[in-house]
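Biologist: I'm new to reading protein models, and I'd love a close look at one part of this one. Could you walk me through the inside of it, step by step?

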Amino acid sequence: ICGPRLRFAPPARRGLQDFLPPWPPLVRTLKLALTHLPSRLIRPFILRFMTTVLGPEPALYRDGAMLVNRFGQRCAVEESSPGEAVGSQPDQTATIVFDQRIADKYSAWPHFVSTAPGIAYAYIEDYRRTRPDLYHRAATIPLLAASLGVDPDTLAGSLASHNSIAPSKLTTPPYHALGPLHAFVTMTEGGVRVSEELQVLRGDGTPVEGLFAAGSAGQGGLLLEGHGHHIGWAFTSGRIAGRNAAQARAL
């Protein structure tokens with residue numbers, strides 16, 4: 001199981017990209033646009049993806065950012081991973097709180113909030129511009145609490161507790177927040193036991209006649225880490241399993 005991992009809440013309104021059909025001519029047109037159009041025209045669309053689909057980098061918390069739940073109570077990241085800390089909350093929801101020091105640091109390379117390696121990087125300003133529904137800024141903690149809709153005393157107490165143990169304290173106003181975030185199990189790995197022909201195997205290693213597996217169901221215990229590996233395996237295993245299933249049926 002991969003997770004729980006953090007992902008930002010989707011926009012309240014769906015964007016144009018949600019309605020585009022996966023037609024080959026349209027895909028080819030988009031590929032040409034990504035290749036040849038100036039980056040200033042393409043970057044807003046890419047960043048919309050970056051700030052919506054991807055989660056924040058764990059380095060944020062190592063640099064002192066604080067996770068709080070929807071009541072403004074601190075999530076104990078130091079006792080677990082950020083995903084586990086948020087996943088233990090009643091509604092699996094949290095917000096990242098940080099100060100101007102961290103905002104400045106995560107405004108330029110090499111410190112980014114989120115990334116798809118080889119595609120793009122998203123910084124604080126990108127979230128402010130493309131996802132104003134996620135971004136909060138206030139001169140003081142009580143004002144930030146009002147913006148988040150939480151009790152100011154609770155948030156102030158969480159910050160005091162966080163600063164008492166954090167390696168880098170949050171003390172430089174103005175204060176910022178990104179959220180809500182939700183904790184998800186983003187994928188399960190492994191699948192059933194299969195042969196080289198992707199035929200499903202029993203516990204004793206004998207094949208189940210006529211039964212083949214592909215995609216995540218047919219990984220045979222493999223863990224596919226990295227961008228694109230799962231869709232690559234889905235295409236490849238689907239072709240292999242489909243071909244062998246057709247041949248088995250013909251026999």
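Modeller: Happy to! Two residues are in contact, or touch, when they have heavy atoms within 4.5 Å. Please keep in mind that this is a predicted model.

Let's start with Asn-163, which sits in helix α8, spanning residues 152–165. Is Asn-163 buried or exposed? Its relative accessibility is 13%, and buried means under 20%, so Asn-163 counts as buried. Leaving aside residues up to four places away in sequence, Asn-163 touches Lys-169, Leu-170 and Thr-171. With Leu-170 we can be more precise: a polar atom of the Asn-163 side chain lies 2.8 Å from the backbone nitrogen of Leu-170.

Leu-170 leads us onward, as it is also one of the residues touched by Phe-98. Again not counting residues up to four places away in sequence, the partners of Phe-98 include Ala-65, Ile-124, Tyr-175, His-176 and Leu-178.

Now we can step back to the core. In soluble globular proteins, nonpolar side chains tend to be buried together. Here, the largest nonpolar core has 43 residues. Phe-98 and Leu-178 are among those with the most contacts inside it, along with Leu-67, Ile-96, Leu-144 and Leu-155. Strand β7, residues 175–184, gives this core its largest share, with five residues. There is also a second, separate core of six residues, among them Val-194, Val-200, Ala-213 and Ala-241.

For contrast, look at Leu-30 in helix α1, residues 24–36. Leu-30 has a relative accessible area of 41%, so it is partly exposed. Together with Leu-16 and Leu-20, Leu-30 forms a nonpolar patch on the surface, with about 280 Å² of accessible area together.

Definitions and conventions. Residues are numbered from 1 along each chain as its sequence is written. This is a predicted model: local features need pLDDT of at least 70, side-chain atom pairs count only at pLDDT 80 or more; totals for chains, interfaces and linings use all residues. Side-chain values use heavy atoms; hydrogens and water are left out. Patches are made of residues with over 30% relative accessible area and no salt bridge: like charges are joined within 9 Å, nonpolar side chains (Val, Leu, Ile, Met, Phe, Trp, Tyr) within 5 Å. Accessible areas come from the Shrake-Rupley method with a 1.4 Å probe; for residues, only the protein chains shown count as cover. A salt bridge is a side-chain nitrogen of Lys or Arg within 4 Å of a carboxyl oxygen of Asp or Glu. Helices (H or I, at least four residues) and strands (E, at least two) are DSSP runs, numbered from the N terminus. Buried means under 20% relative accessible area, exposed over 50%, partly exposed in between (1.4 Å probe, protein chains only). A nonpolar core is a set of buried Ala, Val, Leu, Ile, Met, Phe, Trp, Tyr and Cys residues joined through side-chain atoms within 4.5 Å. A polar contact is a pair of N or O atoms within 3.5 Å; within protein, one must be able to donate a hydrogen and the other to accept it, and residues adjacent in sequence count only if both atoms are side-chain atoms.
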